[in-house]
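Please open the model in a viewer and keep the selection panel at hand. The stops below proceed from one selection to the next.

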Amino acid sequence: MKRYFVITHQSKDNAHLNVQDLLPAACTLITGIAVNTIVKQDAQAEEVFEQLSFPQRLITQLLQDDPIAELFYSYLRTRSSIEESKAFFESDILPEIIRVLSTNIVFSCFTAEQQEQFNNSIVNLFQAQFTDYIYNEAKLFDKGSLMTDLDFTDFIAQQTLIFCYNNKDVIFKRSTQTYKQPEAYECGHISLLINGNSFLLRDYIITANRKVKHLSKEIIPFHEPLEVNSTMYTVFKSNKNNIDSSLSIRIYIEYETSI
């Protein structure tokens, strides 16, 4: 049956290695070999953004509640001009919309600080753009003359929903930290010598930080099992690409046993 023996060496500051290792007594027939090299270094974090679920149903329900409907008749009294209508919208209706959204849309994945930042993003976006949107694009002043109080609340709810969806990439996201996978690079050549003059590997180029999903598939098989004595020499020749790091070199030896 096949078994595996692992030898690990550390190359501090990417230095050369010339070391000798004893193999287990049962390791007399080697059938394959693999080498994996990892650079020991501090992981670099970077900020990334992930999208949050869009609360479509919640927004619609919130804005169809009484507070918005109660403002309808006050809004009707401001319809003598679009300027007066806009002024009332910004002073009374817009703050109520912002209050409803920022108070009730809560994400459990947020910290208190992230929730506050989310609320502020709603406030800033709506204060800066929503009045222009609902008057210039949604045509509230033109369509408002034929509305009932129910029409009004539904219109506000639907246009708020559309505005939020159009800006979902701006407000419905959160920042998170992720750690970058170190870049792979050729760190040198390795030779594995047994029986005085037989090579398991000879000047084999090894790449540090190469992604390995299945180690068993990394094994380099031999055409025929190689009989070995108890000693193996490892020679690593660094190319000095990264002299400030420490390399961890793992050698996986596949061998056969009679058991």
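Contact here means heavy atoms within 4.5 Å. The model is a predicted one.

**Stop 1: T160 and its surroundings**

Select T160, which lies in helix α7, residues 149-166. Is T160 buried or exposed? Its relative accessible area is 0%, and because buried means under 20%, T160 is buried. Now display the side chain of T160: this side chain reaches the backbone oxygen of I156 at 2.6 Å. Next, show the contacts of T160, leaving aside its neighbours within four places in sequence. The partners are I59, L63, I97, L101, F126 and F130. The following stops take up several of these residues and the helices that carry them.

**Stop 2: helix α1**

Select helix α1, residues 56-63, and highlight I59, T60, L62 and L63, which are buried. Why are these residues on the same side of α1? They cover an arc of only 165° around the axis, which places them on one and the same side of the helix. Two of the T160 partners, I59 and L63, belong to that buried group.

**Stop 3: L101 in helix α4**

Move to L101, found in helix α4. With a relative accessibility of 1%, L101 counts as buried. Leaving aside neighbours within four places in sequence, L101 is in contact with I59, L63, I122, F126, T160 and C164. To gauge the distance to the end of α7, select N166 as well: L101 and N166 are 65 residues apart in sequence, and their C-alpha atoms are 16 Å apart in space.

**Stop 4: helix α4 against α7 and α5**

Two packed helices are described by the angle between their axes and the distance between the axes. Select α4 together with α7. These helices pack at an angle of about 65°, with their axes 12 Å apart. The contact is made by F89, I93, I97 and L101 of α4 and by F152, I156, T160 and C164 of α7. The crossing of α4 past α7 is right-handed.

Then replace α7 with helix α5. At what angle do the axes of α4, residues 82-104, and α5, residues 112-137, cross? They cross at roughly 145° and come within 10 Å. The residues in contact include F89, I97 and L101 of α4 and I122, F126 and F130 of α5. Here too, α4 passes its partner α5 in a right-handed crossing.

**Stop 5: Q114 in helix α5**

Stay with α5 and select Q114, whose place is in this helix. Q114 counts as buried, at 18% relative accessibility, because the cut-off for that class is under 20%. Beyond its neighbours within four places in sequence, Q114 is in contact with C109 and S175.

**Stop 6: strand β3**

Turn to the strands and select β3, residues 29-40. Nine of the twelve residues of β3 are buried, so the strand is largely enclosed by the rest of the structure. Which strands pair with β3? One is strand β8, residues 220-227, which pairs with β3 in the antiparallel sense over four bridges. On that side of the pairing, G32 stands opposite P221 in β8. Another is strand β10, residues 246-256, also antiparallel, joined to β3 over eleven bridges. Select I33 and I253 to see a bridge pair between β3 and β10.

**Stop 7: strand β6 and its partners**

Select strand β6, residues 185-194. Seven of its ten residues are buried, so β6 is largely enclosed by the rest of the structure. Eight bridges join β6 to the antiparallel strand β7, residues 198-208. Within this pairing, L193 stands opposite F199 in β7. The hairpin of β6 and β7 has three residues between the strands, and N195 takes a positive phi near 55° there. Now add strand β9, residues 231-238, which pairs with β6 in the antiparallel sense over seven bridges. The bridge partner of G188 in β9 is S238.

**Stop 8: S198**

End at S198, located in strand β7. S198 is partly exposed, with a relative accessible area of 22%. Apart from neighbours within four places in sequence, S198 is in contact with L192 and L193. Finally, add L22 to the selection: S198 and L22 are 176 residues apart along the chain, and their C-alpha atoms are separated by 16 Å.

Methods:
Residues are numbered from 1 along each chain as its sequence is written. This is a predicted model: local features need pLDDT of at least 70, side-chain atom pairs count only at pLDDT 80 or more; totals for chains, interfaces and linings use all residues. Side-chain values use heavy atoms; hydrogens and water are left out. Buried means under 20% relative accessible area, exposed over 50%, partly exposed in between (1.4 Å probe, protein chains only). A polar contact is a pair of N or O atoms within 3.5 Å; within protein, one must be able to donate a hydrogen and the other to accept it, and residues adjacent in sequence count only if both atoms are side-chain atoms. Two strands pair if DSSP finds at least two bridges between them. The arc is that of the directions from the helix axis to the C-beta atoms. Axes are lines fitted to C-alpha atoms, for helices over the stretch in contact, and angles run from 0 to 180 degrees between N-to-C directions. A crossing is left-handed if the near helix is turned anticlockwise from the far one by less than a right angle, and right-handed if clockwise.
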